[in-house]
Amino acid sequence: MDIYERIKIDHDLQREMMDKIMETHGDSDERRRLFSEFKLEADSHANAEEQTFYADLIDHHDSQEQTRHSVAEHKETCDLLDELDEMDMSSAGWIKKFETLKHDLTHHIDEEEEDVFPMAKKLISGKEAEEMAKEFEKRKAIEQKDMCGKSHVRKVA
Ligand SMILES: [Fe+2]
Ligand SMILES: [Fe+2]
């Protein structure tokens, strides 16, 4: 498996998780559980991506601008996730804000698959892309271990 296949697995999982959260209502156990799992997934994915995939792409002149753009979008997603984590889940504003996050993150992951991957494939060798997938896996596991228990939702649930 290479880094592109590995990242795509997470993206498909995230698309699925966001659809499920959109179907939840109010301050329910289901919404709390799904959001808590999704936050952990999205944050650890973005961090692992930055530590492996984008850490390499920032060194190539042709992909520097795109890398900065992607990393800025990670920050926006992370901020929205934190805001949602602190918000009252029973308020009408919660699902509205989540919908904004879903829209923005869908755009981000589509762009990674459609624009960033083809660009990266010209700059990263096949062998490097396979090594990177292993490193991504390790980093993501470490990130998840560090983040567990830090979520506001997890604490009150
Ligand atoms: Fe990303
Ligand atoms: Fe991604």
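Student: Leaving aside its neighbours within four places in sequence, which residues is K102 in contact with?

Tutor: Those residues are M18 and M22. Two residues are said to be in contact if their C-beta atoms, placed from the backbone, lie within 7 Å. Please note that this is a predicted model, in which local features need pLDDT of at least 70, side-chain atom pairs count only at pLDDT 80 or more, and totals for chains, interfaces and linings use all residues. Residues are numbered from 1 along each chain as its sequence is written, while chains are lettered from A and ligands numbered from 1 in the order in which they are written.

Student: What makes K102 count as partly exposed?

Tutor: A residue is buried if 20 or more other C-beta atoms lie within 10 Å of its own, exposed if 12 or fewer, and partly exposed in between; here too the C-beta atoms are placed from the backbone. K102 has 19 C-beta neighbours inside 10 Å, so partly exposed is the correct term. This residue belongs to helix α5, and its C-alpha is 8.3 Å from that of R15, although the two are 87 residues apart in sequence.

Student: Why is H103 called exposed?

Tutor: H103 also belongs to helix α5, but the C-beta atoms within 10 Å of its own number 11, and therefore H103 is exposed. From H103 to A72 the C-alpha distance is 16 Å, with their positions 31 residues apart in sequence.

Student: Which residues of α5 are buried?

Tutor: Among them are F98, L101, L105, H108 and I109. An α-helix has 3.6 residues a turn, so residues three or four places apart point the same way. The buried residues of α5 pack against α1 (3-22), α2 (29-51), α3 (53-57) and α4 (64-86). In α4, the buried residues are T67, S70, L81 and L84, and their cover includes α2, α3 and α5.

Student: How do we know that the reach of α5 is close to the one expected?

Tutor: The expected span of a helix is 1.5 Å times one less than its number of residues. For the 32 residues of α5 (92-123), this gives 46 Å, and the model has 45 Å from the first C-alpha to the last. With 23 residues, α2 reaches 33 Å where 33 Å is expected.

Student: Where does α5 bend?

Tutor: The bend is at V116 and amounts to about 40°, with the proline P118 following within four residues. The angle is taken between axes fitted to the seven residues ending at a residue and the seven starting there.

Student: What makes the protein chain as compact as a globular protein of its length?

Tutor: The chain comes to seven helices and zero strands, where helices (H or I, at least four residues) and strands (E, at least two) are DSSP runs numbered from the N terminus. Its radius of gyration is 16 Å, close to the 15 Å of the globule rule for 157 residues, so the chain is as compact as a globular protein of that length. The radius is taken over C-alpha atoms, and the rule is 2.2 Å times the number of residues to the power 0.38.

Student: Which helix has the lowest mean pLDDT?

Tutor: It is α7 (residues 152-156), with 45, whereas α1 has the highest mean, 98. The pLDDT is the predictor's confidence in each residue, from 0 to 100. Over residues 152-157 it is below 50, while the protein chain averages 94.
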